[in-house]
Amino acid sequence: MSDRQPVIVGIHATEQALSLPHRSAMDLALEAAREAVADAGLRPADVDGVQLDWPGPGGAPDDGASWARLFGGRLHWTSDSFMDNAGVRGLLKAAAAVRAGYADTVVVGGCKLVSRGTDRAPVGAGRPLEFTDVWGAYVVAQFALVASRHMYEFGTTEEQLAQVAATLRNNGSTNPEAMMYGRGPYTVQDVLASRMICSPLHLLDCCIVGEGGAAFVVTTAERARDLPRPPVAVLAGSMEYHHAAYVNPALGREVGRIGAASAARCYARAGLTAHDIDVFSLYDPNSFEVIRQLEVLGLCAEGEGGPLAASGAIAPGGRHPVNPDGGCLSYAWNGTQQMTLRVVEAVRQLRGSAVHQIPGAGLALVANAGSGAQHYEICLLGRSR
């Protein structure tokens, strides 16, 4: 492994809840960043790159350079895009900066404090999108369009979707850190009996909504040799975009396979296949999107994701465990930082410190976004020592 190989050396997830009235946005963002740095065994002044949400007060709105004085050193790398400050997209850009020498230690993350507007509108509403607003479309409906087409073409059933939902919700139900801790166990019938949100997605097929923060630290393999935690190597990654998120209705013929090309590129760069992966940390805004990803990631042929998921393969003891922490369906959703939580869970699995630890996990795949969002980011992580 080269000295400038990017590795993850620190992680942190704050408390996650439906509402955190006792916390401010700056409070959560500071905790996420500072505790991730501390987890890495570093000092704030060691950080020379930030891809962090800036919630204020003070500084300049949405300007990542506002963090410079809080870390106590001179920054050499920053980002002002909220999507670059989270999850796989943030990780790959931080890793590229570290590998190229633009920065040596980069913190990625932030928080979501207000999960819904004062009008209690659905998540994803409120952004002026002229070709979707006119139909009253929003996030759940966008994914439901693709799910409906998949069911029509391949015979995927509501029962198969419900099996995914029950599996991941039960992961969270037994995870003390999860928002849904102690709320299960859930059965397929429980999911099917919950009210319909947007056909074919029932309430329990859809992810939860909440508040919280998360962050991780990327540095070089050389620097990691002096740090206390076992580093997790960023082995390969790729991104894929059909359109900006949610600007047009999601059509199955256009986005039903989004992620397949980026997965193939990622595997080729790492010299691996889907069946080499020990644990999958996937975006699960709803149960169907997990089924779709099983197909585009190469774990089964197109149309076979439903039966594969229903077979028990995605459970913690299955062949392809998905989101042992409970994912967005049961652990937490906190705005864009739910993508960062997917990275945090993968790192915990590779460190051997996860709540629902997959025995011997040495390779993890993390993926963010999906068909309804019309973009996909993927990376492969591995134990480096």
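**Helix α11, pockets and local backbone features**

Helix α11, residues 287-296, is mostly covered, with ten of its ten residues buried. The model is a predicted one. The buried set in α11 consists of S287, F288, E289, V290, I291, R292, Q293, L294, E295 and V296. Charged side chains are therefore among the covered residues: E289, R292 and E295 are buried, and Glu and Arg count as charged. At the start of α11, N286 makes a contact with the backbone. A side-chain oxygen of N286 comes to within 3.2 Å of the backbone nitrogen of F288. Just after the helix, G298 adopts a positive phi of about 90°.

A UniProt record places the feature "domain: Thiolase C-terminal" at residues 260-382, in an unreviewed entry. The C-alpha atoms at the two ends of residues 260-382 are 21 Å apart. Helix makes up 37% of this span, and strand makes up 16%.

The second largest pocket has a volume of about 210 Å³. Its lining is formed by P6, L92, A95, A96, R99, V234, L235, A236, G237, S238, M239 and R269. Two elements, α3 (87-100) and β8 (232-241), each supply at least two residues of this lining. Strand β8 gives the most, with six residues. By residue class, the lining of the second largest pocket holds eight nonpolar, two polar and two charged residues. The two charged residues are R99 and R269, because Arg counts as charged.

The whole structure was also searched for enclosed space. One cavity of 30 Å³ or more was found. The largest cavity has a volume of about 60 Å³. L30, A33, R34, P44, W67, L70 and F71 line the largest cavity. Helices α1 (25-39) and α2 (68-71) are the elements that give two or more residues to this lining. The largest share, three residues, comes from α1. The lining of the largest cavity comprises six nonpolar residues, no polar residues and one charged residue. That charged residue is R34, because Arg counts as charged.

Cysteine pairing was examined next. The structure holds zero disulfides. C198 is in no disulfide, and the nearest cysteine sulfur, that of C206, is 8.3 Å away. This distance does not meet the cut-off, because a disulfide needs cysteine sulfur atoms within 2.5 Å. C198 is partly exposed, with a relative accessible area of 22%. C207 is likewise in no disulfide. The nearest cysteine sulfur to that of C207 belongs to C328, 5.3 Å away. C207 counts as partly exposed, at 21% relative accessibility.

R23 sits in the loop between β1 (6-13) and α1. R23 is buried, with a relative accessible area of 13%. Its side chain is joined to that of D27 by a polar contact of 2.3 Å. R23 also lies 9.2 Å from G212, C-alpha to C-alpha. In sequence, R23 and G212 are 189 residues apart.

Two loops contain cis peptide bonds. The bond from G56 to P57 is cis, with omega near 10°. P57 belongs to the loop between β2 (49-52) and α2. The bond from S199 to P200 is also cis, with omega near 10°. P200 is found in the loop between β5 (196-198) and β6 (201-202). Most peptide bonds are trans.

Positive phi values were found in loops as well. N323 has a positive phi of about 45° although it is not a glycine. N323 lies in the loop between α12 (305-310) and α13 (327-330). At 0% relative accessibility, N323 counts as buried. Q374, a residue other than glycine, has a positive phi near 65°. Q374 is in the loop between β10 (363-370) and β11 (375-383). Q374 counts as buried, at 1% relative accessibility. Most residues other than glycine have a negative phi.

Conventions:
Residues numbered from 1 in each chain as written. Predicted model: local features only at pLDDT ≥ 70, side-chain atom pairs only at ≥ 80, totals over all residues. Heavy atoms only, no water. 1 Å grid on protein atoms, 1.4 Å probe; cavity = no way out; pocket = protein on both sides within 12 Å on 5 of 7 lines; lining within 4 Å. Points joined across faces, edges and corners; volume = space filled by probe spheres on them. Helix = DSSP H or I, 4+ residues; strand = E, 2+ residues; numbered from the N terminus. Buried < 20%, exposed > 50% of the residue type's maximum accessible area, 1.4 Å probe, protein only. Polar contact = N/O pair within 3.5 Å; in protein donor to acceptor, adjacent residues only side chain to side chain. UniProt positions renumbered as here; feature names shortened; annotations may be inferred.
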